[in-house]
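Before reading on, take a moment to turn the model slowly and to follow one chain from its start. The paragraphs below begin inside single chains and then move outward to the places where chains meet.

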Protein chains: 4
Amino acid sequence: MSDHLGKLLVLTSFGESHGRFVGVVVEGCPAGLALDVSDVQKDVDRRRPAAGAGSTARAEEDRVEMISGLFNGRTTGAPICMLAWNRDVDSSHYEKMRFTPRPGHADYTAFAKYGGFNDYRGGGRFSGRITAGFVMAGAVARKLLATAGIEVMAHTTEIGGIKAPASTADQIRQNVDRNPLKCADTVAAELMGKEIQEARQKGDSLGGIVEGLALNVPPGLGEPVFDTLEGELAKALFAIPAVKGVEFGAGFEAARRHGSENNDPFTIVGGEVAMTSNNAGGILGGISNGMTIVVRVAIKPTPSISTAQHTIDLREMKETNLSVKGRHDACIVPRAVPVVESMIAFTLADAALQRALLPRVIR
Amino acid sequence: MSDHLGKLLVLTSFGESHGRFVGVVVEGCPAGLALDVSDVQKDVDRRRPAAGAGSTARAEEDRVEMISGLFNGRTTGAPICMLAWNRDVDSSHYEKMRFTPRPGHADYTAFAKYGGFNDYRGGGRFSGRITAGFVMAGAVARKLLATAGIEVMAHTTEIGGIKAPASTADQIRQNVDRNPLKCADTVAAELMGKEIQEARQKGDSLGGIVEGLALNVPPGLGEPVFDTLEGELAKALFAIPAVKGVEFGAGFEAARRHGSENNDPFTIVGGEVAMTSNNAGGILGGISNGMTIVVRVAIKPTPSISTAQHTIDLREMKETNLSVKGRHDACIVPRAVPVVESMIAFTLADAALQRALLPRVIR
Amino acid sequence: MSDHLGKLLVLTSFGESHGRFVGVVVEGCPAGLALDVSDVQKDVDRRRPAAGAGSTARAEEDRVEMISGLFNGRTTGAPICMLAWNRDVDSSHYEKMRFTPRPGHADYTAFAKYGGFNDYRGGGRFSGRITAGFVMAGAVARKLLATAGIEVMAHTTEIGGIKAPASTADQIRQNVDRNPLKCADTVAAELMGKEIQEARQKGDSLGGIVEGLALNVPPGLGEPVFDTLEGELAKALFAIPAVKGVEFGAGFEAARRHGSENNDPFTIVGGEVAMTSNNAGGILGGISNGMTIVVRVAIKPTPSISTAQHTIDLREMKETNLSVKGRHDACIVPRAVPVVESMIAFTLADAALQRALLPRVIR
Amino acid sequence: MSDHLGKLLVLTSFGESHGRFVGVVVEGCPAGLALDVSDVQKDVDRRRPAAGAGSTARAEEDRVEMISGLFNGRTTGAPICMLAWNRDVDSSHYEKMRFTPRPGHADYTAFAKYGGFNDYRGGGRFSGRITAGFVMAGAVARKLLATAGIEVMAHTTEIGGIKAPASTADQIRQNVDRNPLKCADTVAAELMGKEIQEARQKGDSLGGIVEGLALNVPPGLGEPVFDTLEGELAKALFAIPAVKGVEFGAGFEAARRHGSENNDPFTIVGGEVAMTSNNAGGILGGISNGMTIVVRVAIKPTPSISTAQHTIDLREMKETNLSVKGRHDACIVPRAVPVVESMIAFTLADAALQRALLPRVIR
C-alpha cells in the first residue's frame, strides 16, 4: 500500500472501516494558520449520511480529534495528526462473506494482493469510511487556500440519469447543503431522491456525477510535464472509492468537437487576461489559466446491493450467490461531494506551495 | 516543472519542440533485458504523422539514439538515456505570435508561469513532440512487460463524432497499423478520415477518443489508497498534451447505471477467478483484478487552427485576432495512440516492479 | 517540515514532546507479518531513561498503542499507526525561556523557520522524544528483516572520551542491555558512567559514539547512484537529534590510509564471496557486499545544561544568560542506541523491499 | 538503480565511464536564470586531473553541451540536459579483469546486484567519471544560489595524514585553484603532493578529507524531521564514489566534548542573531542557523592500485591475485573538491526552493 499523497503538503491516510480509528497526518502545512477542530469537524459532518439521500443508517458521529501540530490555535509547522474513533461497528455480516467477494468491490483484489491477510470487515481499508480522513486533510487545505482567496466547492450534478441544470457558483454555495442530495438545483434534487428511493426499494443502487470547482485560482499552478494540475487532481480523485472517470472542462464532450468550438478565445477583463468560455476547465498545458477550475467525477453505483448476485467461494473455488446484508448506501454520490472538494483543495494547496504562491509562514 | 514520473521505474523527460533534441532517461529498468535501438525506433515510428490522418507535414525522421544504459545488447541496470534530434525546424511563424497566445494552447499559461522566459517556438516544452520521448520509454516498458506476458495496445475509437464499433483484442492487434487512423475498424476509419479532411479544409480541427488495453495483467498491481492503478494511469495519461478526460471500464456510463447492471459477477474460468463482464475495466479498489485493463482517453481537437480566432496581445494587453499558420495536425488522435500505449505500459511496468512481479535481474 | 522517510516502506512521524501523543505511521509493510504490540513495546522500553546512565528523571511510561494495520495478530498490508501518550509533562520551565534560545538546541532555528509559531515546550518537534516513534517503526522493520535472517544491533562505543574495546556481535548481543550505558564492555561502561556522573555534577553534559551493525545482509541492497546504502542510512541517522557525524567501516580513519591497507581483499568462505577485512563497513559502491554493515554515529553532548550560558532575548534582541532547568539527560548516548538500531533496521527493510529481497506477502 | 536526487530541484544522472556520454538532467530550475555553457564548463574543468596531484593521465576534455532548457541565454523553466562526450577511452584492461573484482571497488557488488550485466568497463556507472555530471548540475545550482547571495566553496584539508591548518573563507577563495591539491595552504599542499608522489611510486594510493563551506545561508533552510539539512547533504555527498564519512561542524570531535564546550553561545552581531563559535557547522535541529555551513567528507584511498592484491575469480570461485593496470589517480581527493562543492550547492538550492527563498522566476 502507498498511503501518502502530495509533494510539499503531504497527506498520510491510516485506519480501517472497523478498526479503532480512521485518521490522517498532514505534513508541510505552513506555520501560523489559525485552525480549530471545529473547522475540521464542520467539513467531516458534511460527509455524514443524510436521511433521504440513500445513505447508510450507521450512526457515525465522527468526533474529530487533533492530536498534534497545533499550539495556541495555530499550526506550528509540525505534522497535524487528526483522527476519529470508529463506533457503532457491527462486523458480523462480514465474517460470513469473508471468502465470497462482493461483485464490484475490492474484496477480491484485496484478498489477492494481501494474501488474505487484509482486514475484510466493512471493506477494511477499501471502505468509503477512510475518506473521513481525506476530509480532515481537506479542511486544513481549504483554510490554507482561503488565505490566498481560493475557494473550492462541489455539487452533485447527476444521479441515476437525472441531470441537474447548470448552476452558478453562487447557487452552489447557497443550495448545496440545503438538500440531502448536495445538488444546487432543488427540483433535480427531488427527482434524484426519488430515483434513489426506488433503487433502494428494489435492493439496488445508483451512481452519479459530482462536479468540483475551484474559484480564484491564479494562473501558474501545476508542474508539467508530469505533475500537471489535471494529472495530480485525477490521481487524488481516483483515490476516492467508486470513482471511475475524471474529466476537465468540456472533458469527453471536447472529443466530439471542432477546434473552433472548443478553443477558449482570450479577452481582457478588468485589465486581466481572461477567456470568453471555459472549455478547458481552467487548465491549459497542465497549468491553471486563471479561469475557474472545473472537474467532473464519475461515481459508479454502490456495489453493495441486497439483490442476489453471482459470486464465488474463494476457498472452494466454486460459484455461489450473494445478497449483501448490512447497512449500505443506495447511492454514495452526495456523501462524495465533500470528499471531492477535499481532494481538490488538498491538491491545489500542494500546487500552490510548490509554486510558492502560499507563504511558508502565515502571519 | 516536474519532469519525472514513476517510483521504481522512473522516466525523466527533456527537450523542446524546436530545441536540439527531445529525449528521455529511464531509471530502474532491471538489468539483463534484451533491448535494441530497433525496438525503440519501431514504436517511435508509429508516432510519425501519416498521410491521410490529418497530420502535420513535418518530416520528422526521429532517429533514436540510445546513449547510455545498454551494453552488449542488454540493459545494465544503469539509466537508459535515449534521444532523437530535432530536424527540419521552421520557427519563423512562432516569432510573430510570441505575444499572441493561441486559444486552447499552453502559450499563455507557459508565458504566465515562466515569466515569458519559456521557449515558445513550436510550443516548446508543451508541444506534442515531447511525447516522442514518452514513446521511447514506453518501448522499454513494453519489452519489460512482455517478459511477464503482459501486452498493451491502444486504438482510435472515436473521431469527430464517428464511433468505431467494439473490437476484439485480435482485431486491434491486426488492424490498428493498417490504416492511418489507427482504428481497428476499417469502415469507421474511412469515415473518420473524411471528417478530418473536411475539418482541415475548413481550417478547423477534430478531437477524438483513444482506448487503451492491457492484457494478461495478473491481479494485485496498484498501490492504494493513493497510488491506485487508476490514479497512476490517469496521471500518466494527462501528461499527454490535449487529454481532457480519462475513464476506466464503463467509466462515465457507470454513473448512469444501477449497481445490479454495473457490478461484474465473479465466476471461475479454467480454475482461475474471472468476471463475466468487465465494467470495472480490470481494476477494483485501485488494484488490477485479472481482467483486461480498459481505459479511454478524451483528446480535445488540436487548438492550432488556421481559422481566425480572438486572442490578445500580451504586451499591449489588448484584443486582437490570430490565424495560426505553419504545419499543424487537423487531428492528432491517431498519433496519440502509441503515446497512450506507452504511458500505460510505463505505468504498469512500474506497478509490476513495486509489486515485485518483475525480477530485478532478467536472465 | 517533511516528516516521512522511505520509498516502499514509509515512516511518517508525528507528535511533539509536550503534546498529547508521539507516534508514527508505517506504510508499505508486507501483509502477513506476525506482529504484536509487545514486539514494539519491548523496543520502546529499551529507549527509556535508565538510572545510572545520566538520563532524565521523566517517568515516561510510553505505553504503545497500535491503532491500525493489524488484524488477528498479523499485518494486513494497510498502514500501521502506532502511538504513545505523553504523560507526566511539566511545561513550566519552557514558558520562561520561550524567547531565550538554548545554545546548541533547535530553539532558535525552529523559531526562525516557523515564525515563532512552533511548539517550543520541551523542544516540541525537535525533542528526542519523537524518536520513540522511530523506535516503534524500527520494531516493525526488525521483525520484517528477521524473516530474511537479517539482524541489526547497536552499542555505545565511546562516551566522554572513554572508548570501549572492540566487541564481537555475540558480546554486543549479550551485554548491551546488561548495563545502563548500553556498552558491550562492562569495564568501559563503568568508566563511562563515572564520566557522566562527574559531568552531571558540574551541571554539564557529554557526547559519545554509537556503533550500529547489520548482520547477514546479502549483497545487492542499496540503489546507487543516489539512493546508496550509505546515503540512505546517513539521512535516516541524521534525523536523530544531536547526530553530527556518520561514518562507515574505517570511516574518517580511511582518509589517513593507503589503498593497500584500506582495500578489503576478496576471498572465498564456504563457497561464498567474502572479504578478509571489513574496512568498507559492508558497503561498496553504495551496495551491500555481504559483510557486516558497520556504521558509527557521533552524538554531540546534550545541549541542555544547568551551567550558565550566553544567549539572547529574541524579543528585545539583546544578550542575556541562561541556565537550563528541568529534567535533562547529562548524556543521551545510551538512549540513542535503540534509535540508531531502529533507523538502520528501517532503512535496510526499505532497501530490501526495493530489491525484492522481502516478499510482498509473508506467509 | 535510483539516479535522481532532490525534491523541487531534481538532478537525474546518466552515463558510464566508457559509454558514449556522461550527463545530467536538471529539473525544476526557475526560469530566467542567466546561464551560459561557459558557466558549466568552467566548473567541469576544475574537476580535470591536474599534473602533480596524483591524477590519472586520461586526457578528458569534457566539452559540455547543453541540449535543452536554455533559450536566449536564460533558463526557460524546462529541464536542462547537459552532457559531455567520453573520449580517449581504452577498455582493454577491464576485459581481462571482468571476473576478478578489484578490492575496495564496486566491481563485485555491481556484478552481484546486476547479475553480471553491468557495464564493467572503467567501473561503468560506479566510476568517478559520472561526477562530471554532478558538477554540471552543481554549476547551475551555484548560479541559482548566487542570486540569493549564497556562496559555496570546498578545499582539501587533509591527505595521507598531512593536515592543512585552518583557513579563512578568503584564503580558500584565493588559493584553492592555485595548487593542484586544491588546498588553501600552500605549504601543506606541497607536503601532500610529496606524499602522493611517494605513494604512487610504491604502486599505492592515498585518501584524504575535503571540507565544504556554504556562506551567507540564511536561517531556515532544511526540512526536519527527515529532510534535515545534514541528512540531505550527507545523502548527496555519499553519492560521490569513495566517500566513507560525513560530519558537520565539530563532527566526531563533538562526541568527545562537554556540552559547555560544544554549545555555540548566541550573540547579536549588527542587529542579527549570531553565534560566537560554530561547532554546529551552521545547522541546528536540521535547519540552517545563519552561520557558515561546514561539512567534512572522508575520502578513502583510491582502490585501484598497481600493487598486487588478493582477489577472486568469480567464474571459477577461487582465489587469485590482481595488480590493477591502466590510468588511475593515486589520490582523487583534489578532484573531489569541485564535486563536493557541487553536491552542497545542489542540495542547498533545492532546500532554498522548498523554503521559497528563491523565486520561481528570476527577473
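A residue is called buried here if 20 or more other C-beta atoms lie within 10 Å of its own. With that cut-off in mind, and remembering that this is a predicted model, we can begin with strand β2 of chain C, which covers residues 10–15. Six of the six residues of this strand are buried, so β2 of chain C is largely enclosed by the rest of the structure.

What lies beside this strand in the sheet? On one hand, strand β1 of chain C, made of residues 4–5, pairs with β2(C) in the antiparallel sense over two bridges, and within this pairing C:L5 stands opposite C:L11. The two strands form a hairpin with four residues between them, and in the turn C:G6 has a positive phi of about 110 degrees. On the other hand, β2(C) is joined by six bridges to strand β3 of chain C, residues 21–27, and these two strands also run antiparallel. Here C:V10 is found opposite C:E27, and the hairpin that β2(C) and β3(C) form has five residues between its strands. Strands of a sheet pair through backbone hydrogen bonds, either parallel or antiparallel.

Chain D lets us follow such a sheet across its whole width. Five strands of chain D form an open sheet in the order β1-β2-β3-β7-β4, with antiparallel pairing. Its edge strands are β1 (4–5) and β4 of chain D, each of which pairs on one side only. Inside the sheet, β2(D), residues 10–15, and β3(D), residues 21–27, run antiparallel and are joined by six bridges, with D:V10 opposite D:E27.

A helix of chain D can now be added to this picture. Helix α1 of chain D spans residues 37–46, and its buried residues are D:V40, D:D43, D:V44 and D:R46. Why do these four lie on the same side of α1(D)? They cover an arc of only 155 degrees around the helix axis, which puts them on the same side of the helix. The elements of chain D that cover these buried residues include two strands, β4 (64–66) and β7 (80–85), together with two helices, α4 (131–146) and α9 (333–354). Strands β4 and β7 have already appeared as members of the open sheet of chain D.

In chain B, we can look at another strand with neighbours on either hand. Strand β10 of chain B, residues 208–215, is mostly covered, since seven of its eight residues are buried. Eight bridges pair β10(B) in the antiparallel sense with strand β8 of chain B, residues 151–159, while seven bridges join β10(B) to strand β16 of chain B, residues 293–299, again antiparallel. The residue B:A214 helps in finding both pairings on the screen: B:A214 is the bridge partner of B:V152, and B:A214 also stands opposite B:I293 in β16(B).

We turn next from single chains to the way chains are arranged. How many residues take part where chain B meets chain A? In this contact, 88 residues of chain B touch 88 residues of chain A. On the side of chain B that touches chain A, the residues divide into 40 nonpolar, 30 polar and 18 charged. Strand pairing also reaches from chain to chain, for three bridges join strand β11 (residues 243–248) of chain A to strand β11 (residues 243–248) of chain B, and the two run antiparallel. In this pairing A:G245 stands opposite B:E247.

Chain B is superposed on chain A by a rotation of 180 degrees with 0.0 Å of shift along its axis, and the RMSD is 0.0 Å. That is the relation of a two-fold axis. The same surface serves both copies, as 100% of the contact residues of chain B recur in chain A.

Chain A also has a contact with chain D, which takes five residues from chain A and five residues from chain D. Those on the side of chain A that touches chain D divide into two nonpolar, one polar and two charged. A turn of 180 degrees, with a shift of 0.0 Å along the axis, lays chain A on chain D with an RMSD of 0.0 Å, and the C-alpha of chain A nearest this axis is that of A:A356, 2.9 Å from it. Because 100% of the interface residues of chain A are also interface residues in chain D, these copies meet through the same surface.

Key:
Residues numbered from 1 in each chain as written. Chains lettered and ligands numbered in written order. Predicted model: local features only at pLDDT ≥ 70, side-chain atom pairs only at ≥ 80, totals over all residues. Least-squares fit on C-alpha atoms with pLDDT ≥ 70 in both. Contact = placed C-beta atoms within 7 Å. Buried ≥ 20, exposed ≤ 12 C-beta atoms within 10 Å, placed from the backbone. Arc of directions from axis to C-beta. Pairing = 2+ DSSP bridges. Nonpolar A, V, L, I, M, F, W, Y, C, P; charged D, E, K, R; others polar.
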